[in-house]
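These are my notebook entries on a single model, written down in the order in which I looked things up. The structure is shown first, and the entries follow.

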Amino acid sequence: MQQLFDLDSNPHTRLNILTGEQILVSPHRTKRPWQGKVEELSPDNRPVYDPKCYLCPGNVRADGAVNPDYTHSFVFKNDFAALLEDTPENKLNEEDLLVASAEKGLCKVISFSPKHNLTLPELSLEEITAVVKVWQKEYEELAAHDWIKYIQIFENKGEIMGCSNPHPHGQIWAQSSIPQEIIKESERQKNYYAIHRRSLLSAYLKLELKKQERILFENEHFVVLVPFWAVWPYETMIISKRHVTGINFFTASELEALADALKKLTTKYDNLFETSFPYSAGMHQAPVNNGEYPEWHWHMHFYPPLLRSATVKKFMVGYELLANAQRDITPEYAAQRLRELSVEHYKQKKA
Ligand code: H2U
Ligand code: ZN
């Protein structure tokens, strides 16, 4: 007879329905993972304006350009872009063994605010809404180039994630081919849509909202949850309630609701270890200028590395590099911890 499947204590694998990959969960290793210990880090006393910062208004960047005296956000072409617009088309294939393809693209940097000392959760709802609107505008402008096939909007936050500057900012990379993660997610969503005639994430959201085990919170237009297949300890997703293929379809009230979800989620993150919580985050949406993708459902991923405190991070090593992603604390446990945290920033409370 089949035994009750205890996701809380039996080692098991879970399927990432978006990529088709699996993760090994070993919940028995940490029956009580939370030690309740929070290391007090030295408070960062960054100035509102830093004369040495390449993102602050009026300062000179690496290529000699001078930033304008901007008041909200500021977008410029990355001075060290990983992708270049003038790359000629080219292909290499030697005996199907040495295979390469030229990649054309365009990289931009977005400063979220003129204030050097803030981070996303510390911006006001209005300021975050303005950032979300800039994302939508940039997306639409980039999609107007018919050679661009995919637009990746993302943010690296914190030194630990390779972020080069604490001034609040994000990036956009737009390119002439469709990147790996998008190829995987497109295929899985397409297959699901072909069979069920509804988006994979609409169905997933419905089930998660019914179960209420991994939901952090929801607002009028978005749900924030720890996905069933989360790899990073406190990995989350923001999923739009409405099935739209991209940020270009969001109405003004959806953009505002997205800003609200971003503010609440990133505040909870900061409150978890009372630190500026590092992560890589970004939105996934349908490719552009490449036919129809009715199956695509807009969403955002947050991949934060911290495990147990402001300094103890999860490493992807050994078994994970060679065989399979693995985690100890369950996604349900992570969701419960994040759900319980306040949406008021700890610095506000201490002030
Ligand atoms: P990250 O902090 O996520 O690395 O993004 C900052 C980007 O800013 C980085 O890609 C660019 C870097 O190339 N940059 C400029 O475009 N101009 C500068 O003067 C410094 C950094
Ligand atoms: Zn700055």
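Which residue in β13 does Met237 stand opposite? I looked this up in the model, which is a predicted one, and found that Met237 stands opposite His301.

**Entry 1: strand β11 and its partners**

I then followed β11 (236-240) along both of its edges. On one side, β11 and β13 run antiparallel and are joined by four bridges. Besides the position noted above, I recorded Ile239, which stands opposite His299 in β13. On the other side, β10 and β11 are likewise antiparallel and joined by four bridges. There I noted Val224, whose bridge partner in β11 is Ile238.

I next asked which way the side chains of β11 point. Thr236, Ile238 and Ser240 point one way, Met237 and Ile239 the other, and all are buried. The strand is thus recorded as mostly covered, with five of its five residues buried. I add the general rule for comparison: in a regular strand the side chains alternate between the two faces of the sheet.

**Entry 2: the nine-stranded sheet**

I traced the sheet to which β11 belongs. It is an open sheet of nine strands in the order β3-β6-β8-β7-β12-β13-β11-β10-β9, with antiparallel pairing. I located its edges at β3 (74-77) and β9 (215-218); each has a single partner strand, so one side of each is left without a neighbour in the sheet. Neighbouring strands are turned by 20° against each other on average, direction ignored.

**Entry 3: the three-stranded sheet**

I found an open sheet of three strands, ordered β1-β2-β14, with mixed pairing. Its edges are β1 (12-15) and β14 (325-327), each with a single partner strand, so each has one side without a neighbour in the sheet. The twist from one strand to the next averages 30°. I looked at one pairing in detail: β2 (residues 22-25) and β14 pair in the parallel sense over three bridges. Within this pairing, Leu24 has Gln326 of β14 as its bridge partner.

**Entry 4: the zinc ion**

Which atoms coordinate the zinc ion (ligand 2)? I listed Cys53 (SG), Cys56 (SG), His116 (ND1) and His167 (ND1), at 2.0 to 2.3 Å. The four donor atoms subtend angles of 101 to 117° around the zinc ion, and the arrangement is therefore tetrahedral. Along the chain the donors follow the spacing C-x2-C-x59-H-x50-H. I placed the two histidines as well: His116 is in the loop between β6 (105-111) and α1 (125-143), and His167 is in the loop between β7 (150-157) and β8 (169-175). They are 51 residues apart, and the pair links distant parts of the chain. Both His116 and His167 are buried.

**Entry 5: aromatic pairs**

I counted 14 aromatic pairs. One of them is Tyr204 with Trp229, a tilted pair at 4.8 Å centre to centre with 45° between the planes. Tyr204 belongs to helix α3 (residues 200-211) and Trp229 to the loop between β10 (222-225) and β11, so the pair ties together parts that are 25 residues apart in sequence. I found both Tyr204 and Trp229 to be buried.

I also examined Tyr279 and Phe302, an edge-to-face pair at 5.0 Å centre to centre with 70° between the planes. Tyr279 lies in β12 (residues 279-284) and Phe302 in β13 (residues 299-303), and the pair links parts of the chain 23 residues apart. Tyr279 and Phe302 are both buried. I recorded them again as members of one aromatic cluster, together with Tyr234, Tyr269, Phe273 and Phe277.

**Entry 6: arginines over rings**

I noted the charged end of Arg14 over the ring of Phe228, 4.2 Å from its centre. Arg61 lies over the face of Phe76, at 3.9 Å from the ring centre.

**Entry 7: positive phi values**

Where does Asp96 lie? I found Asp96 in the loop between β4 (91-94) and β5 (98-101). Its phi is positive, about 60°, although Asp96 is not a glycine. Asp96 has 62% relative accessibility and therefore counts as exposed. Asn289 also has a positive phi, about 55°, without being a glycine. Asn289 lies in the loop between β12 and β13. At 34% relative accessibility, I entered Asn289 as partly exposed.

Definitions and conventions. Residues are numbered from 1 along each chain as its sequence is written. Chains are lettered from A and ligands numbered from 1 in the order in which they are written. This is a predicted model: local features need pLDDT of at least 70, side-chain atom pairs count only at pLDDT 80 or more; totals for chains, interfaces and linings use all residues. Side-chain values use heavy atoms; hydrogens and water are left out. Rings of Phe, Tyr and Trp (its six-membered ring) pair if their centres lie within 6.5 Å; planes under 30 degrees apart count as stacked, over 60 as edge-to-face and the rest as tilted. Buried means under 20% relative accessible area, exposed over 50%, partly exposed in between (1.4 Å probe, protein chains only). A charge sits over a ring if NZ of Lys or CZ of Arg is within 6 Å of the ring centre and within 35 degrees of the ring normal. Donors are N, O and S atoms within 2.8 Å of the metal (3.2 Å for Na, K and Ca); water is not among the atoms, so sites may look incomplete. Four donors count as tetrahedral if all angles lie between 85 and 135 degrees; four count as square planar and six as octahedral if opposite donors are over 155 degrees apart and all others between 65 and 115; anything else is irregular. Two strands pair if DSSP finds at least two bridges between them. Axes are lines fitted to C-alpha atoms, for helices over the stretch in contact, and angles run from 0 to 180 degrees between N-to-C directions.
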